[in-house]
Amino acid sequence: LAAYRTDEGQPWVLPVVKKVEQMIANDNSLNHEYLPILGLPEFRANASRIALGDDSPAIKENRIGSVQSLGGTGALRIGAEFLRRWYNGNNNTATPVYISAPSWENHNSVFVDAGFKDIRTYHYWDAAKRGLDLQGLLDDMEKAPEFSIFILHACAHNPTGTDPTPDQWKQIAAVMKRRFLFPFFDSAYQGFASGSLDKDAWAVRYFVSEGFELFCAQSFSKNFGLYNERVGNLTVVGKDADNVQRVLSQMEKIVRTTWSNPPSQGARIVATTLSSPQLFAEWKDNVKTMADRVLLMRSELRSRLESLGTPGTWNHITEQIGMFSFTGLNPKQVEYMIKEKHIYLMASGRINMCGLTTKNLDYVAKSIHEAVTK
Amino acid sequence: SSWWSHVEMGPPDPILGVTEAFKRDTNSKKMNLGVGAYRDDNGKPYVLNCVRKAEAMIASKKMDKEYLPIGGLADFTRASAELALGENSEAFKSGRYVTVQGISGTGSLRIGANFLQRFFKSSRDVYLPKPSWGNHTPIFRDAGMQLQAYRYYDPKTCSLDFSGAMDDISKIPEKSIILLHACAHNPTGVDPRQEQWKELAAMVKKRNLLVYFDMAYQGFASGDINRDAWAVRYFIEQGINVVLSQSYAKNMGLYGERAGAFTVICSDAEEAKRVESQLKILIRPMYSNPPLNGARIASIILNTPDLRKEWLVEVKGMADRIISMRTQLVSNLKKEGSSHNWQHITDQIGMFCFTGLKPEQVERLIKEFSIYMTKDGRISVAGVTSGNVGYLAHAIHQVTK
């Protein structure tokens, strides 16, 4: 599983998290009572605010809802279960669900297990040009049956690291609006991708400003480093408060038979951090530290490959964003990396940038060079 | 227009809805006998000392936050299995079981329900006792199973309808699934005696039923963890390969930390490995991997001899306080001059008591006395204190005389 590593190759508990955990540990007024079914109120409100922005029209118009979930996966699952029951009719398991090719491999299972019978892919990664296949993506959206559900990666696409530009997002939104397609955002890396919370949420917020009703599954695993506490949030944006209220009441029923109520520890940490201006600033700083290290590793790797004169173009390494990079190495080259150089990457050529350190950059660059030139 | 115009407003959750109504009430004498969460004799939530100590140990160790495996914290799942099965259990020692960490009792039940839906091909039918915990039905239904019932509670005697249960169970089609509450039946507090458990085991064996035990109160019922797990262990000894869900919400007071486990007793360790792999395939698209905090607290308590000893004392303390409140309620009712037989209050066990009150009487308790409970007359005895037991007895007498 993918997790951030320091330059020493170690896991990193965010300093602000350590601080807040100590505060929680010292607070004898706290107990372990059940949270409400939908989660800790202060967590839910703050988490959605982070995704949508302080000045979000949807928040101002009181037409958003939040469901605290077990990580991003849990948020996806609750959203999927709700959509299967209530979207495009009642219990319409035939509604097509479109997942990018490629995508996080668990996306498929989430929607299958939620009961959807027609799961399709949409064009995304163009292996030849090592970038976004925008035309293929838009074509798929034009051809998709109306009301189809599209799983969109809010930023730092997993596994390719390739995101649409703002202009491309605008084109995507225009087609989706015209064809009545439902946007279900997966936002697992807000802040972690570019270092800026606002920049990484641009796509979600643009869709909201375009009047879409949408879901956004948020994970705080990476940007808070709270992997094992399972902190996630499903943000619901609707047309008005009444609709959102009814949606949430049905999501409550789904939650009740899945986990009853969510775990409190991680949500407390996040809520405490987000609701204190000082802690919030510290957190943003910690997030930027992680994002900057990854960005540095990207630029260092690229410059080494270019210095070595490794055949091919390597700008995709710095143009891609987030934890992962699709190097463009083919299966044979990947096998060489693993077997001969003991550098572990996926058969797809996906590399976890967090695995790079100042100590191993040279070795990794040389190994890629060898793999490509052999 | 909205995608959601046709979405109906969901009904309020009956159990948690009681607490919400209670919170809105301004009567200073109000009592919340709804949700099953333990309260001390001052009516306050109780954080166990062994939990605080475990938390201090965790804080001092400065551990990382890396993902748990899909099946959860190994030290926790192993200790959980041992707690349920007993350290001398042949099934435990031989390794012919798999235990995965679940999201408290609900999450563990749900994993089991989904597993049965996918792999138990003989039947879709799950037989619940009448009545059962309200959430059992929707959990199994959402997992794709069908619900049936067997007689259990006798409202005339406020105790077990044993002959009715045996009669119904004898007619359950072979290879169906039967759910049994291991101890402290929720909502009635009515448990079979050991001789009755023996007969039940013989009957389910005869009918070749798959037994699903829900054990949410081990230690919390009688105060003795071995006594409370007796039925589970007896069934396994009789060669019945049960499935089991456990919760640490009540017996360790870890409610909001969601610590629980789901266990499958298998033919052998090899089968257990195959079952485990399938459980992981079910868990991953639900929430990927479970939350660490509660499981780690429970694990430290179970695996640290001093803390385990302390826990056993504390859980007995909670059970004893509840037993004492039952006794005081009955004696206060007598003092009020009630002529009814309230023996069932002390015969029943665990957090809940089926008072036998009718819906109209419950309504009066809520409206006239600000005493909140679920419509079925179930009270959470944990919400009773030496300070309010008199008021409760008085109110019950008023609506039943």
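**Cavities and helix α5(B) in a predicted model**

The structure holds 5 cavities of 30 Å³ or more, and since I will spend most of this talk on one of them, let me say at the outset that what we are looking at is a predicted model.

The largest cavity contains about 390 Å³ of space. Its lining is made up of 27 residues, and those that lie nearest its centre are A:Y34, B:W133, B:N186, B:Y217 and B:K250. If we ask which elements give two or more residues to the lining of the largest cavity, they are α1 (14-24) and α5 of chain B, and it is α5(B) that supplies the largest share, with 4 residues. In terms of character, the residues of this lining divide into 12 nonpolar, 10 polar and 5 charged.

That brings me to α5(B) itself, the helix at residues 104-119 of chain B. At 1.5 Å a residue, its 16 residues should span 22 Å, and because the end C-alpha atoms are in fact placed 22 Å apart in the model, the expected and modelled spans agree. Is this helix enclosed by the rest of the structure, or exposed, and what tells us so? Taking buried to mean under 20% relative accessible area, 13 of the 16 residues of α5(B) are buried, so the helix is largely enclosed by the rest of the structure.

Finally, a word on annotation for chain A, where UniProt, in an unreviewed entry, places the feature "domain: Aminotransferase class I/classII large" at residues 4-368. In the model, that span of chain A is 47% helix and 14% strand, and its end C-alpha atoms lie 22 Å apart.

How values were computed
Residues are numbered from 1 along each chain as its sequence is written. Chains are lettered from A and ligands numbered from 1 in the order in which they are written. This is a predicted model: local features need pLDDT of at least 70, side-chain atom pairs count only at pLDDT 80 or more; totals for chains, interfaces and linings use all residues. Side-chain values use heavy atoms; hydrogens and water are left out. The expected span of a helix is 1.5 Å times one less than its number of residues. Buried means under 20% relative accessible area, exposed over 50%, partly exposed in between (1.4 Å probe, protein chains only). UniProt positions are given in the numbering used here, feature names are shortened, and annotations may be inferred rather than shown by experiment. On a 1 Å grid over the protein atoms alone, a cavity is a set of points where a 1.4 Å probe fits but cannot get out, and a pocket is an open set with protein on both sides within 12 Å along at least five of seven lines; lining residues have an atom within 4 Å of a point. Grid points are joined across faces, edges and corners, and a volume is the space filled by probe spheres set on the points. Ala, Val, Leu, Ile, Met, Phe, Trp, Tyr, Cys and Pro count as nonpolar, Asp, Glu, Lys and Arg as charged, and the others, Gly among them, as polar.
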